[in-house]
Amino acid sequence: MPAQSPTLLIVDDDPLIVDSLRYFLGKEFAIVSADTRGEALKALEQREDLPVAALIDLGLPPTPHRPDEGFALIAELLARVPDIRIVVLSGQNDAANARHARVLGAADFVAKPAEPQHLLALLKQLLAVGREAVPATAATADALLIGQSAPMQKLRLQLRQYANAPFPVLIEGESGSGKELVANALHHLSERARRPYFALNCAAIAPSLVEPTLFGHAKGAFTGAAGARAGYFEDAADGTLFLDEIGELPLDLQPKLLRVLENGEYQRVGETQSRTSRTRVIAATNRDLKKEVREGRFRADLYHRLSVFTVSVPPVRELGDDRLLLLEHFSHEFARLFATQPFSLAEDARQRWLDYAFPGNVRELRNIVIRLTTKHPAERIGLYELEDELDEGGAQTGSSPPGLPADPAAFERLALDHLRDQGHQGDFSLDRLLRQWERAYINAAQQLAQGNLSHAAKILGVNRTTLYNRIETLSRTDS
């Protein structure tokens, strides 16, 4: 196996499948395998060479007959390794699971059994699609912030206003909305553009390694510290340090970051000598940090220090016709990459594109364009072909279920009409109807929460234990 083979993570509880994939794909990749979500995340923490791609099953222990663990793993992998290409390889291959996996950020969905040659070709194609280009100059920084909608114009204005200020900037936005691109743009629009730029995803490394990575360490400071090493604050010098997923920063490390932000002082792990940093910090999060502060998971003083300036990256659903500009940008980019002609949308598909909420934001939109470019090069795509790529649950918005009124009296009239339509045939079941609505809302909340049950419970207004019990009850009634 070549020394520089990229790492591929395989997560499946069937050892025969893992061994087969290892045999066929081991010539191209360094294989790391796990049979549960927990083992997969532990494997990430123990490796310096993070995987470039992952093949994961949805039905993983302890609930192998449900997709919950696989969905949660997709979200967690992308939080730790944002550039990873995830292919879901699953026997749970109904269309709803495939669409939901893509919304969460999976690049593609392949049903079992799968031909190894097909998987290899698919992985090579996905890896040939580089990450979204990062700005190199102020001009390209502005050009890569695509859109003319009011939210995008506000974002550009804020970046120009805050670019040269010495204070931290907190970038808020949903998963997949492009926060790292905004951080890069902020750096390259500033007077620090020619100075170093470093980025650390606080969710991507083990908590015990965050401090030496940020501040450096002395020789022998901990097991494996064979020599002294500078940290990101030292390497970034008077440039910019981007801390992504700042909400994942360990609570015991937060006072040390606060000290650097307040007076520039820090110490390498294992040293008593104070050092001084002139680095500007940009942080990003998809969490509600105010809520994290209230619940004791994030320091209030650090939050206030980080949020001197706050920038909100708008979700795609708020961008209006910018969705067509993003479509055009990515379709031409990937058509050039694949040496083909870009596809186009028929009028009905074009309207559906504008109506769709893109719950996975730019990441989802980009992946949809990649798949459509691959499947339908130079073709005019109709509504039927497009609908197969969209997650219907993510397209719904509003406080009431789709098609239902918000007024209680109107609800009664609707129920009365429904029961009359049944003709008193005796086949109506209130319990069945309520279970269907409960299941739909729980699934929608898990989607919005990227598979995180605690966040899903907050969306639904119940505690985590209640939500878990309801999921278990629904699962028993399904079986």
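Helices and strands are taken here as DSSP runs, of at least four residues for helices and at least two for strands. On that basis, the predicted model holds 21 helices and 14 strands. Of its 479 residues, 47% count as buried. Among contacts with a separation of 6 or more, 71% join residues 24 or more positions apart.

Helix H16 spans residues 361-375. Its 15 residues reach 21 Å from the first C-alpha to the last. This is close to the 21 Å expected at 1.5 Å a residue. H16 is mostly covered, with 11 of its 15 residues buried. An unbroken run of buried positions leads from Glu364 through Leu365, Arg366, Asn367, Ile368, Val369, Ile370, Arg371 and Leu372 to Thr373. Asn361 is also buried. The buried set thus includes charged side chains, among them Glu364, Arg366 and Arg371.

Helices H19 and H20 form a packed pair. H19 covers residues 430-448, and H20 covers residues 453-460. Their axes lie 8 Å apart, at an angle of about 125°. H19 is therefore oblique to H20. The crossing of H19 past H20 is right-handed.

From H19, the contact draws on Tyr441, Ile442, Ala445, Gln446 and Leu448. These meet Leu453, Ala456, Ile459 and Leu460 of H20. By class, the contact has 8 nonpolar residues and 1 polar residue, with no charged residues. The polar one is Gln446, in H19. In an α-helix, residues three or four places apart point the same way, because there are 3.6 residues a turn. Tyr441 and Ala445 in H19 are four places apart, as are Ile442 and Gln446.

Note on methods: Residues are numbered from 1 along each chain as its sequence is written. This is a predicted model: local features need pLDDT of at least 70, side-chain atom pairs count only at pLDDT 80 or more; totals for chains, interfaces and linings use all residues. Side-chain values use heavy atoms; hydrogens and water are left out. Axes are lines fitted to C-alpha atoms, for helices over the stretch in contact, and angles run from 0 to 180 degrees between N-to-C directions. Angles under 35 degrees count as roughly parallel, over 145 as roughly antiparallel, 65 to 115 as roughly perpendicular and the rest as oblique. A crossing is left-handed if the near helix is turned anticlockwise from the far one by less than a right angle, and right-handed if clockwise. Contact means heavy atoms within 4.5 Å. The expected span of a helix is 1.5 Å times one less than its number of residues. Buried means under 20% relative accessible area, exposed over 50%, partly exposed in between (1.4 Å probe, protein chains only).
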